[in-house]
Amino acid sequence: RQTIKKLKQKEIKRQEFIHELIYTEKTHVRNLKVLDKVFHKPMKKMNIMPYEYIKKLFPNLQELIEIHGDLLQSMKKREAEGEVIQCIGDIMLNRFDNEAGEAAKQACATFCNYQKNALEELRQRQKKDPKLLQFIMNCEASPLCRRLKLNEIISTSYQRLTKYPLLLEGIGKNTPSSLPDSRDIERAIQCAKDLLAFVNQSVKECENQQRLEEFQKKVDRKPMDSATNKQMEEFKTLDFSKKKLIYDGPLTWRISRTKSIDLHVLLLEDLLVILQKQDDRLVLKCHSTNMTTGYQEKTTHSPIIKLNNVLTRNVATDKRAFFLVGTSSVGPQIYELVAATITERKK
C-alpha cells in the first residue's frame with residue numbers, strides 16, 4: 001500500500017479498477033461453485049427433479065467454472081508479481097479474443113439462453129411440489145449462499161458479463177496511451193462488448209423461439225382449418241415454431257368508427273400473422289368486412305399476409321395508427337391498425 005500511495009492519482013485510480021476487476025472475478029467464480037456444490041450436485045444426487053429439467057437449469061455449469069476459474073488463476077498470478085499491476089489487458093484478451101473468445105461466447109450464451117424460462121418453470125414446480133420447495137429453501141439457507149436466493153445467484157452469471165465493459169473502460173480511461181497495456185485494454189473493451197451483445201441476441205432468439213412454440217400450441221386454428229378460401233390453403237400446415245419471430249404484441253383493428261377488434265400480431269421473418277382475441281383465446285381466422293363503393297362489396301381479410309406483398313403508411317389523423325395494405329394476386333386487403341402508444345407503433 002505504501003508503494004501505491006507514491007503513485008500519481010490517475011495510476012492509483014487505474015490500480016483500483018484493476019483490483020476491482022480481480023476481486024469481482026473471485027466473487028463470480030465463488031458464486032458458480034456455490035451453484036454447483038449447494039444446488040446442482042445435490043439435485044442430481046437426490047433425484048429431486050427430472051434430469052432434463054436440471055440440465056435446463058444448469059446446462060454447462062462446469063464449463064463456466066473452468067472458463068472463469070482459468071481467468072481468475074491468470075489474474076492471481078499477475079497479482080502475485082508485484083503490488084502494482086502493470087498489465088491486465090493481455091490476460092483478458094487471452095480469455096475473450098479470437099478462438100477462446102468464441103468459445104466463451106457460446107458457453108455464456110448456452111448458460112443464459114433458457115435461464116428465464118427454467119427459473120419460471122422451477123417457480124411453478126415449487127407451487128405443486130412441497131418436497132421440492134423445502135429442498136430449495138434448505139439449500140438457500142446454507143451459509144455459503146450468503147442469504148441469496150437461487151435465482152439471484154444464477155442471475156449473477158449474466159450480470160458479470162455486463163460488468164466487464166464498465167470495469168475495463170474504467171481501466172482504459174486511466175491508462176496512458178504510452179503504456180503497453182493501452183492497446184490491449186482497448187481491444188479487451190470491444191471483446192467484452194461483443195460478448196455481451198452476442199449473449200443478448202442469443203437469449204432474445206431463444207426466448208422468441210419459446211414464444212413461437214407456445215403460440216403453436218395455444219392458437220385456435222379450427223376456423224382456418226375449415227375455411228374454403230383458396231388463399232388460405234398454403235397456410236393450413238403452417239408451423240409457427242419453424243419460423244423466426246421478429247416482434248409480437250397487441251394491436252387494435254379499426255374496422256369503422258364504431259367497430260374494432262382486439263388483435264395479437266406476430267411479425268415473422270416472412271409473414272405477418274393476425275390473431276383475433278376472443279375471451280382468453282387467440283384465434284386464427286379470416287374476417288369479412290363490407291366496403292361501400294357505390295354498392296356493398298364484401299372483402300375477406302386473410303389473417304396471414306406475406307411480407308413481400310405488404311405496404312404500410314401512417315394515418316394522418318392518429319399518430320398511433322397505420323394502414324397495412326396487402327397486395328396479393330387475390331386483390332388488396334386494407335387493415336387500419338392502432339397501437340396502444342406512438343412508441344409501440346414505431347416498433
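Modeller: A salt bridge is a side-chain nitrogen of Lys or Arg within 4 Å of a carboxyl oxygen of Asp or Glu. Keep that handy, and remember that we're looking at a predicted model.

Biologist: Okay, so how far apart are N and O in the salt bridge between Lys243 and Asp270?

Modeller: Lys243 sits in the loop between helix 11 (222–225) and strand 1 (245–254), while Asp270 sits in the loop between strand 2 (260–268) and strand 3 (271–278). The pair therefore ties together parts that are 27 residues apart in sequence. Asp270 is partly exposed, at 32% relative accessibility. The N to O distance of this bridge is 2.9 Å.

Biologist: Which residues are joined into one network by salt bridges that share partners?

Modeller: Let's start with the whole structure, where a search turns up 22 salt bridges. Where bridges share partners, they link up into one network, and its members are Arg254, Asp318, Arg320 and Glu336.

Biologist: Now the other end of the chain. Which helix holds both Lys13 and Glu16?

Modeller: These two side chains meet in a salt bridge, at 3.9 Å from N to O. Both are partly exposed, Lys13 with a relative accessible area of 38% and Glu16 with 44%. They are three residues apart, so about one helical turn separates them, and the helix they share is helix 2 (residues 9–46).

Biologist: And how many residues apart in sequence are the parts tied together by Glu121 and Lys56?

Modeller: Glu121 and Lys56 form a salt bridge whose closest N and O atoms are 3.1 Å apart. Glu121 belongs to helix 7 (residues 115–128) and Lys56 to helix 3 (residues 51–57), so this pair joins parts whose separation in sequence is 65 residues.

Biologist: What share of residues 13–202 is helix?

Modeller: That stretch carries a label in an unreviewed UniProt entry, "domain: DH". Its end C-alpha atoms are 35 Å apart, and 0% of the stretch is strand. The helix share is 82%.

Biologist: How many disulfides does a search of the whole structure find?

Modeller: A disulfide is a covalent bond between the sulfur atoms of two cysteines. Here the cut-off is a sulfur pair within 2.5 Å. Take Cys108: its closest cysteine sulfur, in Cys112, is 6.5 Å away, so that is too far for a bond. Across the whole structure, the number of disulfides is zero.

Biologist: Is Cys108 buried or exposed?

Modeller: Under 20% relative accessible area is the cut-off for buried. By contrast, Cys286 reaches 23%, so it is partly exposed. Cys108 has 3% relative accessibility, so it counts as buried.

Biologist: Let's talk pockets. Which strand gives the most to the lining of the largest pocket?

Modeller: The largest pocket has a volume of about 400 Å³. There are 22 lining residues, and those closest to the centre are Leu251, Leu267, Leu272, Phe322 and Lys347. At least two residues each come from strand 1, strand 2, strand 8 (310–315), strand 9 (318–328) and helix 12 (342–346). With five residues, the top contributor is strand 1.

Biologist: Last one! How many residues of that lining of the largest pocket are nonpolar?

Modeller: Leu and Phe count as nonpolar, whereas Lys counts as charged. In the lining of the largest pocket, three residues are polar and six are charged. The nonpolar count is 13.

How values were computed
Residues numbered from 1 in each chain as written. Predicted model: local features only at pLDDT ≥ 70, side-chain atom pairs only at ≥ 80, totals over all residues. Heavy atoms only, no water. Buried < 20%, exposed > 50% of the residue type's maximum accessible area, 1.4 Å probe, protein only. UniProt positions renumbered as here; feature names shortened; annotations may be inferred. Helix = DSSP H or I, 4+ residues; strand = E, 2+ residues; numbered from the N terminus. 1 Å grid on protein atoms, 1.4 Å probe; cavity = no way out; pocket = protein on both sides within 12 Å on 5 of 7 lines; lining within 4 Å. Points joined across faces, edges and corners; volume = space filled by probe spheres on them.
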